[in-house]
Amino acid sequence: MSFEAAWALAEEAVASGRIPCAVLGAVGQGAREVRWTGHAVLTPEAVPVARDTVFDLASLTKPVFTAARILAHAAAGRIDLDAALTSVIPDFRQYHADCWERRVTFRECLGHLTPFPAVEPIYTYGSDPATLRAFVLQREWRRLPAPVYSDINFILLGIALERLEGAAIREMDPGPGLTFAPDPEACAATEACTWRGRVMRGEVHDENCFALGGSGHAGLFGTADALLDVAEEMLARGPGPEAEPLSETRTHGWERAHPGWSGGQACSPATIGHTGFTGTGLWIDFGTGRAWTLLTNRVHPTRHAETGIAALRRAVGEALFVE
């Protein structure tokens, strides 16, 4: 594994000003390497990044927390992945017994095989988390002609988790090194949010997750080492349902290696990964026993800038496999 070549790409992206900071970590053959450069915060005052800087992991919440927890409930026999969500959320679209939403299953949500829209500005419909959950459950959802990657799938899975466990997501333990309520002083900043009127640091960047008071599609925070711990645990036990293909591009909660994907083309076909909107990512190659994470705050101070994050992720993934 050529960590040096991959690190040079991340270092150059920071030095050129395309992204404020980068933390790159990789594990394989019993070794771990982590490096970092740049600033966790640029404004209102500069703060350098460190190995233990906590990042808003954004959509990495989906596979690392929500999918893992749903699969654990399925393995314990508490849910059937091929059952409709209504087996746990009976009030989902309760006034329309024959609607398509009431037939959507756990497995379809995990694999983004539903026709829900990719995203909806739920936060613009109110400010009370309980009312917004009711809105999600009773809304007549726009049905797309074909499945897309959708936050709605995991918002619904998050509500199902809350019903199964009798607790709000923010009250659940996401595991060592991961949290829903980080110390802001330990965090990398994300966006200067026009809606909330401040730079987000230690508060979830995703507006819908913020308004819902926690949800299944975003909200998890963690360090590079915490994610590498997750990856090492998964590599040690070998591929499970999270690696089982559900489509050409998706598994249960993860993306699978395919042409043009975020992990590059040098990894084995037995690789899964996921990215987060804030500039994060984690990839696990069961074929070679390797894993890597690239954490950036590419939305700081604004998402409306071309950072080259998509190309950087692919290039880093490919460079890591140069011998």
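Student: How many aromatic pairs does the structure hold?
Tutor: The structure holds eight aromatic pairs. Rings of Phe, Tyr and Trp (its six-membered ring) pair if their centres lie within 6.5 Å; planes under 30 degrees apart count as stacked, over 60 as edge-to-face and the rest as tilted.

Student: What makes the pair of Phe65 and Phe180 edge-to-face?
Tutor: Their centres are 5.0 Å apart, and 85 degrees separate the planes. The cut-offs are within 6.5 Å and over 60 degrees, so the name edge-to-face applies. The pair links distant parts of the chain: Phe65 is in helix α2 (residues 61-75), and Phe180 is in the loop between β5 and β6 (192-193), 115 residues apart.

Student: What do the numbers and element names rest on?
Tutor: This is a predicted model, where local features need pLDDT of at least 70, side-chain atom pairs count only at pLDDT 80 or more, and totals for chains, interfaces and linings use all residues. Residues are numbered from 1 along each chain as its sequence is written, and side-chain values use heavy atoms, with hydrogens and water left out. Helices (H or I, at least four residues) and strands (E, at least two) are DSSP runs, numbered from the N terminus.

Student: Why is Phe65 called buried?
Tutor: Buried means under 20% relative accessible area, exposed over 50%, partly exposed in between (1.4 Å probe, protein chains only). Phe65 has 3%, so it is buried. Phe180 has 5%, so it is buried too.

Student: Why is the pair of Phe116 and Trp141 edge-to-face?
Tutor: The ring centres are 6.1 Å apart and the planes stand at 90 degrees, so edge-to-face fits. Phe116 lies in the loop between α3 (106-110) and α4 (129-138), and Trp141 in the loop between α4 and α5 (151-165), so the pair ties together parts that are 25 residues apart in sequence. Both residues are buried. Ring pairs link Trp100, Phe116 and Trp141 into a cluster.

Student: How do you know that Arg139 lies over the face of Trp141?
Tutor: A charge sits over a ring if NZ of Lys or CZ of Arg is within 6 Å of the ring centre and within 35 degrees of the ring normal. Arg139 is at 5.4 Å from the ring centre of Trp141 and lies over its face. Arg298 lies over the face of Phe277, at 4.5 Å from the ring centre.

Student: Is His300 buried or exposed?
Tutor: His300 has 4% relative accessibility, so it counts as buried. It sits in the loop between β12 (290-296) and α8 (309-319).

Student: What makes the link from His300 to Leu42 a polar contact?
Tutor: A polar contact is a pair of N or O atoms within 3.5 Å; within protein, one must be able to donate a hydrogen and the other to accept it, and residues adjacent in sequence count only if both atoms are side-chain atoms. The His300 side chain reaches the backbone nitrogen of Leu42 at 2.8 Å.

Student: Why is β10 called largely enclosed?
Tutor: Five of the six residues of β10 (residues 271-276) are buried, so the rest of the structure largely encloses this strand.

Student: How do you know that β10 and β11 pair?
Tutor: Two strands pair if DSSP finds at least two bridges between them. β10 and β11 (residues 280-285) have six bridges, in the antiparallel sense. One partnership sets Gly276 against Thr280 in β11. The two strands form a hairpin with three residues between them, and Gly279 in the turn has a positive phi of about 120 degrees.
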